[in-house]
Amino acid sequence: MTAPSTFGLIGLSSEARNLHWLLTNLVEEVPGILSVAVVSSDGLLLLSSDDHRNKEARDALQARGTKRTGPRGSAADLATIVSGIGSLTVGAAKLMDFGGVRHTMVAMDEGSLFVMSISDGSLLGVHGSAECDMSVVAYHMALFVGRAGHVLTPELRSELRKSLEDSQTTGSAR
């Protein structure tokens with residue numbers, strides 16, 4: 001296992017750095033995860049897995065002859081999908097009057113999508129390969145939610161969003 005990257009984490013609070021570490025750990029420890037996104041209740045991307053790691057996973061799938069490699073471009077694509085599925089399932093739960101949605105799993109021919117509630121409407125979304133063990137992914141997502149949910153305060157969400165915007169601005173200026 002490689003150590004989590006600290007690039008771009010300088011200046012962040014310890015809570016933000018811990019969330020980055022938890023997300024990196026999730027991606028590195030669970031086989032078959034292609035990308036991960038943490039999305040706020042209003043659908044904004046707060047945190048995502050490293051783009052370099054996503055590219056490595058997609059390249060490995062292509063080398064094995066897998067046709068589709070997941071969300072076409074960026075973590076923003078996964079965030080959009082996660083937000084949409086989250087909204088749809090919350091609406092369905094309200095119509096059915098069965099309480100809140102805890103998690104959603106979508107099994108496709110060539111991959112899986114997992115969406116789990118974190119706190120305050122925030123969501124954790126994971127895109128997995130067809131080879132991933134859905135129960136292992138769900139278990140590790142629950143661990144992440146248990147560890148991250150209590151620290152994902154409005155202040156931390158704001159800090160993560162600003163950090164992501166700053167890194168995108170810096171990245172596009174290069």
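Below, a student and a tutor talk through a predicted model of one protein chain.

Student: Which pattern of helices and strands does the chain follow along the sequence?
Tutor: Let's start with the counts: there are 5 helices and 5 strands in the chain. Reading along the sequence gives their pattern, α-β-β-α-α-β-β-β-α-α.

Student: How much of the chain counts as buried?
Tutor: On the outside, the chain exposes about 9900 Å², and carbon and sulfur atoms supply 56% of that area. A residue counts as buried when its relative accessible area is under 20%. Of the 174 residues in the chain, the buried share is 41%.

Student: What is the order of the strands in the sheet?
Tutor: The sheet is open, has 5 strands and pairs them in the antiparallel sense. Neighbouring strands in this sheet are turned against each other by 15° on average, with direction ignored. The order of the strands is β2-β1-β5-β4-β3.

Student: Which strands stand at the edges of the sheet?
Tutor: Recall the order, β2-β1-β5-β4-β3. An edge strand here has a single partner strand, so one of its sides is left without a neighbour in the sheet. The strands in that position are β2 (45-48) and β3.

Student: How many residues of β1 are buried?
Tutor: Look at the partners of β1 (33-39): β1 pairs with β5 over 6 bridges and with β2 over 3 bridges, both in the antiparallel sense. Val39 faces Leu123 in β5, while Val38 faces Leu47 in β2. The strand β1 is largely enclosed by the rest of the structure, because its buried residues number 7 of the 7.

Student: Which residue in the turn between β1 and β2 has a positive phi?
Tutor: These two strands form a hairpin, with 5 residues between them. The phi in question is about 90°, and the residue in the turn is Gly43.

Student: Which residue is the bridge partner of Met105 in β4?
Tutor: β3 and β4 run antiparallel and are joined by 6 bridges. A hairpin links β3 to β4 through 2 residues. Thr104 stands opposite Val115 in β4, and the partner of Met105 is Phe114.

Student: How many bridges join β4 to β5?
Tutor: These strands form a hairpin with 5 residues between them, where Asp120 in the turn has a positive phi of about 55°. Within β4, 6 of the 7 residues are buried, so β4 is largely enclosed by the rest of the structure. β4 and β5 run antiparallel, and the number of bridges joining them is 7.

Student: Is Ser129 buried or exposed?
Tutor: Ser129 belongs to strand β5 and is the bridge partner of Gly111. Its C-alpha is 9.6 Å from that of Ser35, although 94 residues separate them in sequence. At 4% relative accessibility, Ser129 counts as buried.

Student: What angle does the direction of α4 make with that of β4?
Tutor: Two helices can be compared here, beginning with α3. Helix α3 packs on the sheet and touches β1, β2, β3, β4 and β5 (123-129), and its direction makes about 65° with that of β1. Helix α4 (residues 134-148) also packs on the sheet, touching β1, β3, β4 and β5. Its direction makes an angle with that of β4 of about 25°.

Student: Is Arg157 buried or exposed?
Tutor: You will find Arg157 in helix α5 (residues 154-173). Setting aside neighbours within four places in sequence, Arg157 is in contact with Ser40, Leu46, Ser119, Asp120, Ser122 and Leu152. With 11% relative accessibility, Arg157 counts as buried.

Student: Which residue other than glycine has a phi near 55° in the loop between α3 and β3?
Tutor: The loop lies between α3 and β3. The residue we want is exposed, at 67% relative accessibility. Its positive phi is near 55°, and its name is Asp97.

Student: How much accessible area does the nonpolar patch with Phe98 have?
Tutor: Phe98 lies in the loop between α3 (75-96) and β3 (103-108). At 67% relative accessibility, Phe98 counts as exposed. Together with Leu95 and Met96, Phe98 forms a nonpolar patch on the surface, and the accessible area of the three is about 440 Å².

Methods. Residues numbered from 1 in each chain as written. Predicted model: local features only at pLDDT ≥ 70, side-chain atom pairs only at ≥ 80, totals over all residues. Heavy atoms only, no water. Patch = residues over 30% accessible without salt bridge, like charges linked within 9 Å, V, L, I, M, F, W, Y side chains within 5 Å. Areas by Shrake-Rupley, 256 points an atom, 1.4 Å probe, with all protein chains shown as cover. Salt bridge = Lys/Arg side-chain N within 4 Å of Asp/Glu carboxyl O. Helix = DSSP H or I, 4+ residues; strand = E, 2+ residues; numbered from the N terminus. Buried < 20%, exposed > 50% of the residue type's maximum accessible area, 1.4 Å probe, protein only. Pairing = 2+ DSSP bridges. Axes fitted to C-alpha atoms, helices over the stretch in contact; angles between N-to-C directions. Contact = heavy atoms within 4.5 Å.
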